[in-house]
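Notebook open, structure loaded. I'll jot down what I look up as I go.

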Amino acid sequence: MRGGSNILALVGTAAAILAQQAHSQAQQADDSELDRIPQGVMDTSAGSASNPAAVANTLYLEEAPEYQTNRHDLLVPLPGGNGPQFINRLFLDGHGGWQYGQSLKVLYSARLDYTTGDPGRDSFSYDLRELFLSWSLDAQRRWFIDFGRINVRNGVAYAFNPTDFFRTQSVVDETSQDPSVRRENRLGTLMLRGQYFLGGVALTAIYAPRLYEQPLALTTVPSGSDPQLRRTNADNRAELSASVDFGHDLSPQAVLFHSNDAWAYGVNMARGFGTQTTAYVEWSATRRSSLVTQAMQYGVRTGTFGDPTPPIPTDTREYLDHDLAAGVSYTTRSNVNFIVEYDLHQAGLSKTDWRHWFAAGTAGNPLLNGELWYLRDYAAVQQEPISRQSLFLRVAKDNWLSPNLSASALALIDLTGTSGLGQAEVSYRVSTRLQLELMLQTALGSRRSDFGSLPVASAYFFSVRFYL
Amino acid sequence: MFNLQLTQLVKGCLFAGVLAAGLSGGPARAADPNAQEILAAADKVRNPAASFKFVNELVEYRNGVEDGRLALQVYSKLDPGKEQYRNLARYTRPARDAGKVFLMSGNIMWFYDPAASARIRISPQQRLIGQASNGDVLSINLEKDYKAELIGAEQINDAERKPRQTWHLNLTAASASAVYARVEYWVEKDTNYPVKSLYYSDSGRKLKLAYYSAFKSELGGIRPTQVIILDEVDASVVTRMSFSGYEKAEVPENWFDYEFLARLP
């Protein structure tokens, strides 16, 4: 029995030692994790910060040289020849505002730009994108009135927003083809806006007055200090919109828009599926003529052309036309985001229209060529796809290869003629204030295609951005 | 005699085993408290009731050197029907992100960028806060998103290397809005203070380890005002989250309309 007790004591002691060792090892592993916490990270003053200001101001200085390689064998030559190869931009960009008490805010967004090498614009220019007064009428913040130059942007799609009716004539920088970048630099419209929120419902009414009889001609280079209200306020425009939360992640927005005696209406909606996928759809309809007819009518209205006869055959009658954008965004567990979007612009150019465009352009009539390129410029300023059907693809990844490196690539594919524009971009955050960016664009396709017929074959951008 | 010795041997081994289990974290006993209740109690320590606002400042360190800093003004409101928080967060730092806002209500997320006046529907997987996930920086009741199981009692060191007697819980995702597939969670026995949590991916890979510290009196309770997050994928990365400026705040229902993001005070 004594021997048995000894064995028992021995086994018990051994088990206790083993358990103690296991616990000790676990404790050591625990402490080795704690060893990873750098000196000084434990902040004893945590919890002492005060609430930040309600309106933030962001200001940055950016130097952005751009180099382009041009095509010299265009089937439809560009009037005036190809553009410059080297352009340099230096700009000061800012947005933010000031708050007065609990109910008044003044908000602004502007850019001061110094460009060299681009004959298409003044060296110095100042774009006042937004400047408006925002008044909250009640303590619950249900009623708002805004007045001034406001950038109103409806829609949930990524590349083309059929319900974004104030998009036309607004973009002032065409450098990037990434819609998220292009949206940042567009002009607001002088307007009066009222907005009402009631748990789950948001109603918005907008009136933007006509300030000029004649809109800005596409061929006119405004002076650098021109606020360009002729671009944004050449028509009386009004919009009513309502977004309603029906629960179950369904909160569509319906929009009714009126301009130039024509009504347009549309709906947009986005919904999530699980934790990684969102899908969206955006549709609008309006009674209008083809893009070709609209462009020529605009040319006549602005005095560019004396005769609205289009350079290619087109049906000049008005029809109920539809615009549609439908897409899916998917993010992997490793945080790579993919977007696929289909865009339909019924007033845009069909395959037959493109055939006519190239046939007219190769007829050897320089005057006609001017009109043909005018059609394309018009589509660009309207922020609409020039072709009827297109596909947008985008992939983006933050913290790629290096912690502060972000990369994205996108493709705009014209489905009417199988050509496309590709763009790859990497940006590196050197510090919280300094950011470097490199971007490559290339237009691919046959000489008789949308992107293959563009004068710029590829473009390279580099930028250094410093936040002040 | 042999039988007695064998019985004593078995009892001795069982005792040693229990002792070992007690020291290293063993199976839960029938008298142990309910794991889901421990989780709910820890949620009450982390999150004030009703609606409130606070400032969350995140500092990211790489190899011990500060690499980035951002701050968010967060508004949180408990959804009485779902017992889960809905959150609105506005970046106040750094300058490049200041003014951006995001809304998170369960799996519904919207992002607003004032530079583009654009509202974008995003998925919870789209990370907006560097290495920290969206769920890390907002108020979330874990009890509503996870099923808790008690692993056992365990003594562990907290962030300041002080020993703490804890309940060791295993949490598995139980709702579509759960950010992580699995979480190991250590909650102090007497106080229900969260001490440590270890987060796993769907594949079972360790993602991050978090230590809760700097407990202070805020909005009627003692709460952690600092969380140190150790990245388990990239061992050079450590993130410190500091919570401050707690205030009761009225957050009307209309603030959770995605159209309101541009209006957030």
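How many bridges join strand β4 (residues 101-105) of chain B to β5(B), and do they run parallel or antiparallel? I'm working from a predicted model, so everything below is computed from that. I get five bridges between β4(B) and β5(B), and the two strands run antiparallel.

**Entry 1: β5(B) and its neighbours**

I picked one pair to anchor the β4(B) register: B:S105 stands opposite B:I108 in β5(B). The hairpin of β4(B) and β5(B) has two residues between the strands, and I noted a positive phi near 65° at B:G106.

Next I looked at what β5(B) pairs with besides β4(B). Strand β6 (residues 118-122) of chain B is joined to β5(B) by five bridges, and this pair runs antiparallel too. For the register here I wrote down B:M109, whose bridge partner in β6(B) is B:I122. The hairpin of β5(B) and β6(B) has four residues between the strands, and in that hairpin B:S117 takes a positive phi near 50°.

Is β5(B) largely enclosed or open? I checked burial along residues 108-113: five of the six are buried, so the rest of the structure largely encloses this strand.

**Entry 2: cavities**

I ran the cavity search over the whole structure and got seven of 30 Å³ or more. I stopped at the second largest, which holds about 650 Å³ of space. Its lining has 45 residues, and the closest to the centre are A:L107, A:F132, B:Y112, B:A262 and B:R263. B:Y112 caught my eye in that list, since I had just been looking at β5 (residues 108-113) of chain B.

Which strands of chain A each supply at least two residues of this lining? I listed β2 (86-100), β3 (104-116), β4 (124-136), β5 (143-150), β6 (189-198), β7 (201-208) and β8 (237-244). I also sorted the lining by class and got 18 nonpolar, 16 polar and 11 charged residues.

**Entry 3: B:S197**

Last stop was a single serine. I found B:S197 in strand β10 (residues 194-200) of chain B. Buried or exposed? B:S197 has a relative accessible area of 0%, so I put it down as buried.

What does the B:S197 side chain join in a polar contact? I found the side chain of B:Y212, at 3.2 Å. Leaving out residues up to four places away in sequence, I have B:S197 touching B:V183, B:E184, B:Y185 and B:W186, along with B:K208, B:L209, B:A210 and, again, B:Y212.

Conventions: Residues are numbered from 1 along each chain as its sequence is written. Chains are lettered from A and ligands numbered from 1 in the order in which they are written. This is a predicted model: local features need pLDDT of at least 70, side-chain atom pairs count only at pLDDT 80 or more; totals for chains, interfaces and linings use all residues. Side-chain values use heavy atoms; hydrogens and water are left out. Buried means under 20% relative accessible area, exposed over 50%, partly exposed in between (1.4 Å probe, protein chains only). Two strands pair if DSSP finds at least two bridges between them. On a 1 Å grid over the protein atoms alone, a cavity is a set of points where a 1.4 Å probe fits but cannot get out, and a pocket is an open set with protein on both sides within 12 Å along at least five of seven lines; lining residues have an atom within 4 Å of a point. Grid points are joined across faces, edges and corners, and a volume is the space filled by probe spheres set on the points. Ala, Val, Leu, Ile, Met, Phe, Trp, Tyr, Cys and Pro count as nonpolar, Asp, Glu, Lys and Arg as charged, and the others, Gly among them, as polar. A polar contact is a pair of N or O atoms within 3.5 Å; within protein, one must be able to donate a hydrogen and the other to accept it, and residues adjacent in sequence count only if both atoms are side-chain atoms. Contact means heavy atoms within 4.5 Å.
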